[in-house]
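Colleague: Got a minute to go through this fold with me? I'd like to pick at a few residues and then move on to the core and the pocket.

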Amino acid sequence: MKVAVIMGSTSDYDIMSQAVSVLEDLGIEVIKKVISAHRTPDLMCEFAKSAKDNGIGVIIAGAGGAAHVAGVVAGMTTVPVIGVPIQTKTLGGLDSLLSIVQMPGGIPVATMAINGAKNAGLFAAQILALGDSSLALRLEEFRQAQTRKVLEAEI
């Protein structure tokens with residue numbers, strides 16, 4: 001299965017690339033797209049409605065400001081959606097966080113921290129690992145390496 005990493009603007013890729021890196025390091029195929037809920041709504045609708053048929057197992061959606069990407073996509077697919085609120089200059093990302101986390105009942109979006117794309121990538125991998133034992137092993141190895149790095153750290 002693939003993970004789609006979508007974002008409302010090319011400027012979001014500085015943050016969203018962290019999810020892409022984690023997923024690629026774990027050997028997961030990634031589809032990257034800029035899809036705006038406001039500027040390309042037809043494309044967003046087409047993408048969301050065809051995601052499952054295109055082999056996408058998880059969608060990571062990042063956006064700042066109004067941050068409607070995750071919610072709009074989640075409303076059109078049953079593929080799990082993980083929202084990444086992107087920090088904004090105006091309100092520091094609180095606007096993005098609240099837009100993504102306050103979904104109505106029945107349309108869930110798993111929401112990460114502001115600029116939390118790395119964790120979004122890891123969470124997507126954990127979802128896929130439920131049905132993929134080799135990915136589950138790679139995630140376990142990632143965690144062990146992370147632990148070793150902390151234990152070996154010297155100040």
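Colleague: Is Asn115 buried, partly exposed or exposed?

Modeller: Bear in mind that this is a predicted model. Asn115 sits in the loop between strand S5 (110-111) and H5, and its phi is near 65 degrees, positive although the residue is not glycine. Its relative accessibility is 21%, and buried means under 20%, so Asn115 counts as partly exposed.

Colleague: Ala67 has a positive phi as a residue other than glycine; what is its value near?

Modeller: Ala67 belongs to the loop between S3 and helix H3 (69-74). Its relative accessible area is 4%, so Ala67 is buried. As for the angle, phi of Ala67 is near 50 degrees.

Colleague: And Thr88, buried or exposed?

Modeller: You'll find Thr88 in the loop between S4 and helix H4 (94-101). Leaving out residues up to four places away in sequence, Thr88 touches Gly64, Gly65, Gly93, Asp95 and Ser96. With 16% relative accessibility and a limit of under 20%, Thr88 counts as buried.

Colleague: Which residue has its backbone nitrogen 3.4 Å from a polar atom of the Thr88 side chain?

Modeller: Here it's the Thr88 side chain that supplies one polar atom, while the partner atom is a backbone nitrogen. The separation is 3.4 Å, and the cut-off for a polar contact is within 3.5 Å. The residue with that nitrogen is Leu91.

Colleague: Over to the core. Which element gives the most residues to the largest nonpolar core?

Modeller: That core has 27 residues, and Val3, Val5 and Ile60 have the most contacts inside it. Two or more residues come from each of strand S1 (2-7), helix H1 (13-25), strand S3 (56-64), strand S4 (81-86), helix H5 (117-129) and helix H6 (133-152). With seven residues, the top contributor is H5.

Colleague: How many residues are in the second, separate core?

Modeller: For the largest core, take Val3: beyond four places in sequence, its contacts include Leu23, Val58, Ile60, Ala124 and Leu128. The second core is separate, with Ile6, Ala37, Met44 and Ile59 among its members. Its residue count is 21.

Colleague: What is the relative accessible area of Ile127?

Modeller: Ile127 is found in helix H5, where it touches Val58, Pro80 and Ile82, not counting residues up to four places away in sequence. Pro80 is 47 residues from Ile127 along the chain, yet their C-alpha atoms are separated by 8.7 Å. Ile127 is partly exposed, and its relative accessible area is 25%.

Colleague: How far apart in space are Leu135 and Ile114, C-alpha to C-alpha?

Modeller: Leu135, in helix H6, is buried at 2% relative accessibility. Setting aside neighbours within four places in sequence, Leu135 is in contact with Leu26, Ile28, Ala125, Leu128 and Ala129. Ile114 is 21 residues away in sequence, and the C-alpha to C-alpha distance is 26 Å.

Colleague: Last one, the largest pocket: about how much space lies in it?

Modeller: Its lining has 13 residues, with Gly8, Asp12, Arg39, Ala63 and Gly64 lying nearest the centre. By type, the lining divides into four nonpolar, seven polar and two charged residues. The space in the largest pocket is about 180 Å³.

Technical notes: Residues numbered from 1 in each chain as written. Predicted model: local features only at pLDDT ≥ 70, side-chain atom pairs only at ≥ 80, totals over all residues. Heavy atoms only, no water. Core = buried A, V, L, I, M, F, W, Y, C linked by side-chain atoms within 4.5 Å. Buried < 20%, exposed > 50% of the residue type's maximum accessible area, 1.4 Å probe, protein only. Helix = DSSP H or I, 4+ residues; strand = E, 2+ residues; numbered from the N terminus. Contact = heavy atoms within 4.5 Å. 1 Å grid on protein atoms, 1.4 Å probe; cavity = no way out; pocket = protein on both sides within 12 Å on 5 of 7 lines; lining within 4 Å. Points joined across faces, edges and corners; volume = space filled by probe spheres on them. Nonpolar A, V, L, I, M, F, W, Y, C, P; charged D, E, K, R; others polar. Polar contact = N/O pair within 3.5 Å; in protein donor to acceptor, adjacent residues only side chain to side chain.
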